[in-house]
Amino acid sequence: MKKVNEELAVLFKGTYSQPPSSGPKPEAGKKIWMLSCGQSIITCAKVIEGASTAAKMIGWEPTVFDTKSNPDQAASAVRQAIAAGADGIFIMALDCDLFKQPLEEAKRAGLMVMAAESYDCSQNHANQPSLFDGEVTYPAGNYAHFIYEIGADQATWVISKLEGEGEVINFGDEEIAAVKRYQEGFEHGMEACGGCTVHEVPFKFADIGTNIQQKTEQALLKYPNAEALQVPTEAAITGGVLTAMQSAGRTEMFLTGYEGLSAATMDEVREGEGRKSGIGVALEWEGFAGVDGLNRLFHGEKPVSSGIGAQLFDGENNAGTSGPWQVPIEFRPVYEKSWGLG
């Protein structure tokens, strides 16, 4: 447990660094289509909101398309962007495999494609070409490395709370490669807990709502001795998991998976007596990094590391006293200066 607690101290400190301080001056008037994995999912919406804000700041024309996590909608969006004469596309949490052919068409049409929280075709298949021109990267590396570490970080918190022994319900997404990678990180991290048993519960992002509430209710009945529950996104917690726990009278469980995206969810963490936690990830910053990456691509440069790290929080650490979780670095002024705006 000593090693776990030492790791925990590092995670509470966080791994953020400064965003890029210099870069090419943006050319106004670029038409950018922004493909969201689902505007009803707060994680997706926050990144797209940041990207739209950044694009407007530098005089670009953003068009937001809500794919509702539907590959057919993603394919349609890419083709509409091509037909509309777009200069570039920013993709949030949509893997290349889901709409490979339209992305090939975009490449032939000369559009620049920048992605965040998404797996390129070459990442999923060694013999496939890359169809993303760039992706948001982090001090930990690309998103595959970053999300794996976040999963492992969540496990460290759970092990500490269980003091090395107990049962854990682990919700794992079945579809998105990046979330599967997160689960791999969590499961690997839990291997350090010799006295822990992890019960896997598969779900899809489309389950968020009534279906995931029912899945949670069933899991709580099936594993009555579970002391902790892990989910890969705050949207699942607010979209049914927490309601099921409250209905079952199981709010004493340790719950991890928050992203600190709203005052309401952070109030739950603050009032949870140290029983709820999450990883603070700067989603709006990811949107800014996506636009910065596109700007560099338009100038024939490669995107650079965003500086976005991770910071663990719970009711006793990094939760603040009100409002959503706060990013530990003021990133906007740095981008503004980099783009020649301030």
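**Exercise 1. Find which residues of helix α3 meet which residues of helix α4, and describe how the two helices lie against each other.**

Solution. In this predicted model, begin with the residues that touch: on the side of α3 these are A75, V78, R79 and I82, and they meet Q101, P102, L103, E105 and A106 of α4. Sorting the residues of this contact by class gives six nonpolar, one polar and two charged.

Next, turn to the geometry of the pair. Helix α3 covers residues 71–83, while helix α4 covers residues 100–108, and the two pack at an angle of about 15° with their axes 8 Å apart. Since angles under 35 degrees count as roughly parallel, α3 and α4 are therefore roughly parallel to each other. The last step is the handedness, and here α3 passes α4 in a left-handed crossing.

**Exercise 2. Work out the order of the strands in the five-stranded sheet, and state where helix α3 packs on this sheet.**

Solution. The five strands form an open sheet, and reading across it gives the order β2-β1-β3-β4-β5, with parallel pairing. The edges are held by β2 (61–66) and β5 (134–135), each of which has a single partner strand, so one side of each is left without a neighbour in the sheet.

Now look inside the sheet, at strand β3 (residues 88–92) and strand β4 (residues 112–116), which run parallel and are joined by five bridges. Within this pair, F90 stands opposite M114 in β4. Finally, place the helix: α3 packs on the sheet, where it touches β1 (31–36), β2 and β3, and its direction makes about 180° with that of β1.

**Exercise 3. Determine which strands stand at the edges of the six-stranded sheet, and which helices touch β6, β7 and β8.**

Solution. Write down the order first: this open sheet of six strands reads β7-β6-β8-β9-β10-β11, and its pairing is mixed. The edge strands are β7 (195–203) and β11 (311–314), each of which pairs on one side only. From one strand to the next, the twist averages 20°.

Then examine strand β6 (residues 165–173), which runs parallel to β7 and is joined to β7 by nine bridges; in this pairing, E165 stands opposite G195 in β7. Helix α7 (residues 177–190) packs on the sheet and touches β6, β7 and β8 (226–230), with its direction at about 170° to that of β6. Helix α8 (residues 210–222) also lies across β6, β7 and β8, and runs at about 155° to β6.

**Exercise 4. Classify the packing of helix α1 with helix α6 from the angle between them, and list the residues in contact.**

Solution. Helix α1 (residues 2–13) and helix α6 (residues 143–162) pack at an angle of about 130°, and their axes are 10 Å apart. That angle makes α1 oblique to α6. In passing α6, helix α1 makes a left-handed crossing.

The residues come next: V4, N5, E7, L8, L11 and F12 of α1 make the contact with D153, T156, W157, I159 and S160 of α6. By class, the contact of α1 with α6 has six nonpolar, three polar and two charged residues.

**Exercise 5. State how many disulfides the structure holds, and describe the link of C37 and C44.**

Solution. Recall that a disulfide is a covalent bond between the sulfur atoms of two cysteines. The structure holds three disulfides, and one of them joins C37 to C44, with an S to S distance of 1.8 Å. The link of C37 and C44 has -110° about the S-S bond and is left-handed.

Definitions and conventions:
Residues numbered from 1 in each chain as written. Predicted model: local features only at pLDDT ≥ 70, side-chain atom pairs only at ≥ 80, totals over all residues. Heavy atoms only, no water. Axes fitted to C-alpha atoms, helices over the stretch in contact; angles between N-to-C directions. Helix = DSSP H or I, 4+ residues; strand = E, 2+ residues; numbered from the N terminus. Parallel < 35°, antiparallel > 145°, perpendicular 65-115°, else oblique. Left-handed = near helix turned anticlockwise from the far one by under 90°. Contact = heavy atoms within 4.5 Å. Nonpolar A, V, L, I, M, F, W, Y, C, P; charged D, E, K, R; others polar. Pairing = 2+ DSSP bridges. Disulfide = S-S within 2.5 Å.
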